[in-house]
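Visitor: Please pick one part of this structure and look at it closely, one residue at a time where that helps. Then work outward from that part to the rest.

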Protein chains: 2
Amino acid sequence: MELTARRRKILRAIVEYYIETAEPVGSKAIGKLANLDCSSATIRNDMAALEKMGYLEQPHTSAGRIPSPKGYRIYVNELMEHHKLSIQETEKMNESLHLKMRELDRVIDQAGKLVSQFTNYPSFALAEGKERVTIVRYDLLMIDQNSFICVAMTNTNVVKNKLFHLPSDITEPQLQLLNALLNTSFTGKPLEAFSADLMETARKAAGSSYGLISLVVSFAMDVLQDAEHSSVHTAGARHLLEHPEYRDVEKAHKLMSYLAKDDGLSELFPMTGQDGSGTRVLIGPENVAEELKDTSVVLASYDIGEGMKGVIGVVGPTRMDYAKITAKLSYMADNLSKLFGGSSSGQLQSAAQPKGLNPPKDEEEEQK
Amino acid sequence: MELTARRRKILRAIVEYYIETAEPVGSKAIGKLANLDCSSATIRNDMAALEKMGYLEQPHTSAGRIPSPKGYRIYVNELMEHHKLSIQETEKMNESLHLKMRELDRVIDQAGKLVSQFTNYPSFALAEGKERVTIVRYDLLMIDQNSFICVAMTNTNVVKNKLFHLPSDITEPQLQLLNALLNTSFTGKPLEAFSADLMETARKAAGSSYGLISLVVSFAMDVLQDAEHSSVHTAGARHLLEHPEYRDVEKAHKLMSYLAKDDGLSELFPMTGQDGSGTRVLIGPENVAEELKDTSVVLASYDIGEGMKGVIGVVGPTRMDYAKITAKLSYMADNLSKLFGGSSSGQLQSAAQPKGLNPPKDEEEEQK
DNA sequence: CTTTAGCACTCTTGCCTCTCAAGTGCTAAA
DNA sequence: TTTAGCACTTGAGAGGCAAGAGTGCTAAAG
């Protein structure tokens, strides 16, 4: 009962045929597909063996065989020929990947949408920081007597701003005092350090504008919270309906609802494990979540730099074209890593990217 | 052949029963539901009359009747009792509506998600400006020798920023010159006015930092374009699957794909017509888009202020609980109008809102 | 003129049965 | 070890049948 070369060939043919057609495949069909010089009876024997070994399943007697999760696993690990993206494919992706605005959240969201569009599966995308985010700098800009803008920049080079309208008048010196105070007392501290004590001493130091400071600090806290909260973006759930395993509306709806929950998902893929930008495949029961036990997840991680990492992936039936999907995902992940400038340059910004600046860094601009 | 009081009562009962059960309703059932003191035969006669008048349809002989689009129309216009939201309902919505960050785009997106969640229908939300957006002010903040932040504020009080990294060093005086130049030459102008000529003269005036200016201006142009481009946010397409009219996967998928296209939609609802914050109902064939001919759209518009308006709505089968949906939508639209401070105060901002500031203006804070 | 009771008619739905085709497992021979 | 042959299993699909729901029509009653 061993995995001979012919059996591997048969298994691979079954997986690939089933991926393509979604229909159980019989012994006769295999003979032709895999260019095997043997009769269907021989193949039947091998198929029976493969089933005994756990690589194949029978939906019912007298239907053909379909791959089991274990069968998909060995296919992904050993039998699968890695797909090379065609020029057209990469060109298409690059075209869409050209993003004007590069605010972290929007880029991730957009990347997820693209992945979904190019794979025809629902996608998810998220980013997560390893370190605590802090604010490194504040600037207050006076607009008129009762409004000003606060600009805050984090250690991850994200810049946020907010316009304040006040009921009472303020003066330039007041703002400057406030600005100095913020930059001395409220920089380099993670969210937890924004204690009541700190606020109290700051309030005293602020003198006449003690009311203002709490406004600005609460903005700062929002910025920190927003930056740390890694939200999961999902897109393209509708693509599920294109696959025959989701003919059943109930089933499709359940999975879609699970994906829409958008908590949970973030815990599912601990970004531990291989730090490299490899792809990972989770087949059916390999998933922890009960809701995903009969679906597969393919994901790739990418490097954002500034102590942050991201994950992007797709969800679908176990019958997935793993070869193509992994190729597309890893291409997308690589491009995201490049887009964010790897860990070196900190290009991450909260608004537009200049067109044509820094030619040596902006490689992805040229691929367009 | 006229619409007697009893017939109206029957029609209303049919619509409401059908909305609830999604099943054709027969003459006997109506008798009980509508408290009519007459036999099923009488009702049958009236139903036949209502069908002849075009208010009802028969899926096939010997099934009950269902409302036609025309039937829904008269129901919405004349027969429907307007739904009052319960305290629990409003409380629930208010709870979720409490938004920390109030960047226009995010608020709209979030509002759409809430609407979908509270109505169980797919939702869409968009904002659109009446006037051209211009930038009223620039601020350049120096970070170090080769990076600075540009902050730009539009006439709609939206503030955007961007961090620039440069290959070469800059000095404070250079930045100040640039800043002044931007504020004199590139403010108050809509996107089209950013001509090559303008750039050329600005470049000359910029002297040594002529390279920088094009970077910043291209950022400004992105901001303007971004602000003018009214994107449609859709959410909760999966809810379609909860309704029996979308048992058919094909049908559901078609509509979902249409919604995901997210162009088209914006043109469908010309924000002309009633400017008030009323709700509108488009029933089946009343929709212009071919894809929506057998679905209904309910929408409400709200006022963003600063010359901008927004629309929020849901899409679903013609069998919709119009009473509840319109109530929920108009409540949401009202709250959005309030949130944005109506046309009076220009609270619209690109980041956090102070908690507890300006008590007289921030009414919605107290409803929480 | 309007309402009601009665009845024949229509049409869908669910269920049962039957047949067909596909594919298997097993056995015996090459 | 491979192959040919054959009996067996099973799901999918077609057809038929009965039940149930609802209608339209007619004739009588208010």
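Guide: A residue counts as buried if 20 or more other C-beta atoms lie within 10 Å of its own, as exposed if 12 or fewer do, and as partly exposed in between. The model is a predicted one. The part chosen here is a loop residue, A22(A), which lies between α1 and α2 of chain A. A22(A) has 13 other C-beta atoms within 10 Å, so it falls in the partly exposed class. Its backbone has a positive phi of about 65°, although the residue is not a glycine. As background, most residues other than glycine have a negative phi.

The next loop along offers a parallel case. N35(A) sits in the loop between α2 and α3 of chain A. N35(A) is not a glycine either, and its phi is positive, about 50°. N35(A) is exposed because 8 other C-beta atoms lie within 10 Å.

Now to the DNA. The residues around DNA strand C number 19, and the closest are G26(A), S27(A), C38(B), T42(B) and S62(B). The surface near this strand draws at least two residues from each of α2 (27–33) and α3 of chain A and α3 of chain B. The biggest contribution comes from α3(A), with four residues. By class, the surface near DNA strand C has six nonpolar, ten polar and three charged residues.

DNA strand D has 20 residues around it, of which C38(A), T42(A), S62(A), G26(B) and S27(B) come nearest. Here α3 (40–53) of chain A, α2 (27–33) of chain B and α3 (40–53) of chain B each supply at least two residues. This time α3(B) gives the most, again with four residues. The surface near DNA strand D divides into seven nonpolar, ten polar and three charged residues.

Further along chain A comes helix α4 (residues 69–79), whose buried residues are G71(A), Y72(A), I74(A), Y75(A) and V76(A). Among the elements that cover these residues are α1 (5–21), β1 (56–57), β2 (66–67), β8 (279–282) and α12 (322–339) of chain A. One of these, α1, also borders the loop that holds A22(A).

Another of them, β8, leads into a sheet. In chain A, five strands form an open sheet in the order β7-β3-β10-β9-β8, with antiparallel pairing. The edge positions belong to β7 (233–235) and β8 of chain A; each has a single partner strand, so one side of each is left without a neighbour in the sheet. From one strand to the next, the twist averages 20°. The pairing of β8(A) with strand β9 (residues 295–305) of chain A is antiparallel and runs over four bridges. Within it, R280(A) has L299(A) of β9(A) as its bridge partner.

L299(A) also turns up among the contacts of I312(A). Setting aside neighbours within four places in sequence, I312(A) is in contact with residues including A111(A), V115(A), S123(A), L299(A), Y302(A), L329(A) and M332(A). I312(A) and I312(B) touch the most other members of the largest nonpolar core, which has 194 residues.

Chain B gives a detailed view of some strand pairings. Strand β10 (residues 308–317) of chain B is mostly covered, with nine of its ten residues buried. Seven bridges link strand β3 (residues 123–129) of chain B to β10(B) in the antiparallel sense, and S123(B) has V314(B) as its partner there. With strand β9 (residues 295–305) of chain B, β10(B) pairs over ten bridges, also antiparallel; Y302(B) is partnered by G310(B). β9(B) and β10(B) form a hairpin with two residues between them, and E306(B) in the turn has a positive phi of about 55°.

Seen as a whole, chain A has 13 helices and ten strands. Of its 368 residues, 42% count as buried. Among contacts in chain A with a separation of 6 or more, 64% join residues 24 or more positions apart. One buried residue away from the loops described above is L215(A), in helix α9 (residues 210–228) of chain A. L215(A) counts as buried because it has 21 C-beta neighbours inside 10 Å. Its C-alpha atom is separated by 44 Å from that of T279(A), 64 residues away along the chain.

Technical notes:
Residues numbered from 1 in each chain as written. Chains lettered and ligands numbered in written order. Predicted model: local features only at pLDDT ≥ 70, side-chain atom pairs only at ≥ 80, totals over all residues. Near = placed C-beta within 6 Å. Nonpolar A, V, L, I, M, F, W, Y, C, P; charged D, E, K, R; others polar. Contact = placed C-beta atoms within 7 Å. Core = buried A, V, L, I, M, F, W, Y, C linked by C-beta atoms within 7 Å. Pairing = 2+ DSSP bridges. Axes fitted to C-alpha atoms, helices over the stretch in contact; angles between N-to-C directions.
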